[in-house]
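Labels such as buried, exposed or salt bridge are easy to read past. Let's ask, in a friendly way, what earns each of them.

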Amino acid sequence: DGFDWLHHHELAHEWWGNLVTAPDWNDFWIHEGFGSYMQALYIEDILGKEAYRARVDRYVASFRNEVPVAPRESHTTDEMYFSTRGSNPDIYSKGAAILHTLRYAMGDSLFRVALRRFAYPTAASERATDGSQAHFATTDDLLALVNQLTGDDYSDFFEVYLRTAALPRLIEERDGSRLMLRWHDEAAPGFSLPIEVAVDGDIVRVEMPGGRGELALPSPDADVKVDPNGWVMRAR
């Protein structure tokens, strides 16, 4: 990618690890997932959106979905960094991809405000130069911040992607000139996340209140691609 990824990742720890620190190992995706996602954002800045998407695709390809990324109960280092198959990449790669999907859900501008506010919760912390700006932060703190900024409740989003291991399933059904979409997730039955659909090359955003959405197609043989840009994590 034209840069030293390991150096970049460890430099991210100097930011998120020293400025924003998880008080328990169960929230260490805040270090590893954020650090990995910063690489994708850097790639997007220097190489463009296609390179960014390629990096996110690499993260998605490495998921194991064996254990939650951010379990509620306290964990040891080994419990978070290893699974039954050895080292567990999910707090890195899945954590980064969760931020990718959160960016889509919030919108780019508001998502970047959330990143900044997570690092600097107050105006005083932005001005500080004596180390007092360093603070502990948890997954629940991030949820509260996202809720505050958006005015919406992202509890189901965090429950589905961070608190449980399995990814939600998006059920797609087509009946002539109708496309019907339905989210299915046992951990959060009311899970709802809008989905982009490309219809004959034109992208439409389908809202899914209550986890269901429907789209009228121009014809029964219209070319349809759900989530063409790969924004939304779901079971395949």
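Q: Why does D108 count as partly exposed?
A: This is a predicted model, and in it D108 has a relative accessibility of 33%. Buried means under 20% and exposed means over 50%, so D108 falls in between and counts as partly exposed.

Q: What makes R103 and D108 a salt bridge?
A: The closest N and O atoms of R103 and D108 are 2.7 Å apart. The cut-off is within 4 Å, so the pair qualifies as a salt bridge. R103 has a relative accessible area of 4%, and is therefore buried.

Q: Why is R72 called exposed?
A: R72 has a relative accessibility of 54%. Exposed starts over 50%, so R72 counts as exposed.

Q: Is E159 buried or exposed, and how do you know?
A: E159 comes out at 19% relative accessibility. Since buried means under 20%, E159 counts as buried.

Q: What makes R72 and E159 a salt bridge, and which parts does the pair tie together?
A: Their side chains meet at 2.7 Å, N to O, and the limit is 4 Å, so this is a salt bridge. R72 lies in the loop between α3 (49–61) and α4 (77–81), while E159 is in helix α9 (residues 155–163), so the pair ties together parts that are 87 residues apart in sequence. By this rule the count comes to 13 salt bridges.

Q: How do you know that K225 and D223 form a salt bridge?
A: The closest N and O atoms of K225 and D223 are 3.0 Å apart, which is within 4 Å and therefore meets the rule. Elsewhere, E44, K49, R103, D108 and R112 are joined into one network by salt bridges that share partners.

Q: Why does K94 have no salt bridge?
A: The nearest side chain of opposite charge is D90, 4.8 Å away. A salt bridge needs a nitrogen and a carboxyl oxygen within 4 Å, so K94 and D90 do not make one. K94 is buried and sits in helix α5. Leaving out residues up to four places away in sequence, K94 touches F63, N65, V69, P89, Y161, T164, A165, L167 and M233.

Q: What makes I91 buried, and where does I91 lie?
A: I91 lies in the loop between β3 (86–87) and α5. At 1% relative accessibility, I91 is under 20% and so counts as buried. Beyond neighbours within four places in sequence, the contacts of I91 include W29, E32, G33 and M80. I91 and M80 are 11 residues apart in sequence and 7.6 Å apart in space, C-alpha to C-alpha.

Q: Why does H31 count as buried?
A: H31 has 5% relative accessibility, and buried means under 20%, so the label fits. H31 is found in helix α2 (residues 29–47). Among the residues H31 touches, not counting those up to four places away in sequence, are H13, W16 and V20.

Q: What makes the lining of the largest cavity nonpolar, and which residues form that lining?
A: The lining consists of F34, L99, L102, F111, A114, L115, F118 and L142. Phe, Leu and Ala count as nonpolar, so the tally is eight nonpolar, no polar and no charged residues. The volume of this cavity is about 30 Å³. Helix α6 gives the most to the lining, with four residues.

Key:
Residues are numbered from 1 along each chain as its sequence is written. This is a predicted model: local features need pLDDT of at least 70, side-chain atom pairs count only at pLDDT 80 or more; totals for chains, interfaces and linings use all residues. Side-chain values use heavy atoms; hydrogens and water are left out. On a 1 Å grid over the protein atoms alone, a cavity is a set of points where a 1.4 Å probe fits but cannot get out, and a pocket is an open set with protein on both sides within 12 Å along at least five of seven lines; lining residues have an atom within 4 Å of a point. Grid points are joined across faces, edges and corners, and a volume is the space filled by probe spheres set on the points. Helices (H or I, at least four residues) and strands (E, at least two) are DSSP runs, numbered from the N terminus. Buried means under 20% relative accessible area, exposed over 50%, partly exposed in between (1.4 Å probe, protein chains only). Lys and Arg count as positive and Asp and Glu as negative; His and the chain ends are not counted. Contact means heavy atoms within 4.5 Å.
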